[in-house]
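The following exercises are meant to be worked through slowly, with the sequence and the model side by side. Each one sets a task and then gives a solution in steps.

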Amino acid sequence: MESKPASKSADDWAFPSLHVQLPGWITAELPPPDHVYSTIQQRMELVIALARKNVEHGGGPFGAAVFDSVGGSLLAPGVNTVVASRWSGAHAEMVAIAIAQQAAQNHDLTAYGSHNYELVTSCEPCSMCFGATPWSGVKRLVCGAREEDALEIGFDEGPKPLEWVRTLEARGIAVVRDVLRDASRAVLQDYAAHGGEIYNARRNG
């Protein structure tokens, strides 16, 4: 007589844990914590440098960071770790926001002290990162490369309102575009030229 397999209980579930963490190399690329980034150009320079270094370490060609927009201090960096983390949500902006909120011990950066925080990103946000921006608590979004620069090398940026800038501004989030765009775009172009993986590429249907 064939025996029946033992039934499983709820205690038999074993789901993996998800940890949002920065690559181990990233702190060596940062100046001391009290360093002040006085201008948005200096902040973008850091973000672009992180994006380029991330590519050297096998990551995606995107970088981001959350800064105190007035004082110029860095709250949290972020780089794209989609492939390494096996998580499609690990875009540079999402990682920077997650690390910043953990540093602030609050899911809303608006509630963290008296600071106004900004998200600086090497490329305009995709539809996912655009959607996360209002809930993050940042008060300004600073972008380097444009969406079309990412589309040009094959990335899928997802559906986003044509008037996405006005949409954010209507929610009290200032948007600054094209900060060091050429340098940001160069990281994307170099990534594609050297055969970088275009994960989640554009899909039809």
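Where is the place of Glu-157? The place of Glu-157 is in the loop between H5 and H6, where helices (H or I, at least four residues) and strands (E, at least two) are DSSP runs, numbered from the N terminus. This is a predicted model, in which local features need pLDDT of at least 70 and side-chain atom pairs count only at pLDDT 80 or more, while totals for chains, interfaces and linings use all residues. Residues are numbered from 1 along each chain as its sequence is written, and side-chain values use heavy atoms, with hydrogens and water left out.

**Exercise 1. Describe the surroundings of Glu-157.**

Step one concerns accessibility: Glu-157 has a relative accessibility of 8% and therefore counts as buried, a word that stands for under 20% relative accessible area, with exposed meaning over 50% and partly exposed in between (1.4 Å probe, protein chains only). Step two looks for contacts (heavy atoms within 4.5 Å); with neighbours within four places in sequence left aside, Glu-157 touches Glu-124, Pro-125, Cys-126, Ser-127, Glu-147, Ala-150 and Leu-151. Step three takes one of these, Glu-147, which is 10 residues apart from Glu-157 along the chain, with 7.1 Å between their C-alpha atoms.

**Exercise 2. Find the salt bridge of Glu-147 and place both partners.**

In general, side chains of opposite charge can pair when their charged atoms come close. The rule used here asks for a side-chain nitrogen of Lys or Arg within 4 Å of a carboxyl oxygen of Asp or Glu. By that rule Glu-147 forms a salt bridge with Lys-160, at 3.4 Å from N to O. This pair links distant parts of the chain, since Lys-160 lies in the loop between helix H5 (147-152) and helix H6 (164-170), whereas Glu-147 belongs to helix H5, 13 residues apart. Both partners are buried, Lys-160 with a relative accessible area of 15% and Glu-147 with one of 18%.

**Exercise 3. Set out further salt bridges of the model, with the accessibility of their partners.**

The structure holds 13 salt bridges. One of them joins Lys-53 to Glu-56 at 3.1 Å, N to O; because these residues are 3 apart in helix H1 (residues 40-56), about one helical turn separates them. Lys-53 is partly exposed at 22% relative accessibility, while Glu-56 is exposed, with a relative accessible area of 54%. Glu-163 and Arg-166 form another, their closest N and O atoms being 3.5 Å apart, and here Glu-163 is partly exposed at 46%, whereas Arg-166 is exposed at 60%. Finally, Glu-148, Asp-149, Glu-152, Arg-181 and Arg-185 are joined into one network by salt bridges that share partners.

**Exercise 4. Trace the sheet from edge to edge and examine strand S4.**

Begin with the order: 5 strands form an open sheet, S2-S1-S3-S4-S5, with mixed pairing, where two strands pair if DSSP finds at least two bridges between them. At the edges are strand S2 (74-79) and strand S5 (174-176), each of which pairs on one side only. Next, consider strand S3 (residues 117-123) and strand S4 (residues 140-145), which run parallel and are joined by 5 bridges. Leu-119 has Leu-141 in S4 as its bridge partner, and Glu-118 stands opposite Arg-140 in S4. As for the setting of S4, 5 of its 6 residues are buried, so the strand is largely enclosed by the rest of the structure.

**Exercise 5. Decide how many disulfides there are, and account for Cys-123 and Cys-143.**

A disulfide would be a pair of cysteine sulfur atoms within 2.5 Å, and by this rule the count comes to 0. Cys-123 is in no disulfide, with the nearest cysteine sulfur, that of Cys-143, 7.9 Å away. Cys-123 is buried at 2% relative accessibility, and Cys-143 is likewise buried, at 0%.

**Exercise 6. Explore the position of Asp-68.**

Asp-68 is found in strand S1 (residues 63-68). With neighbours within four places in sequence left aside, the contacts of Asp-68 are Arg-43, Ser-73, His-115, Asn-116 and Tyr-117.
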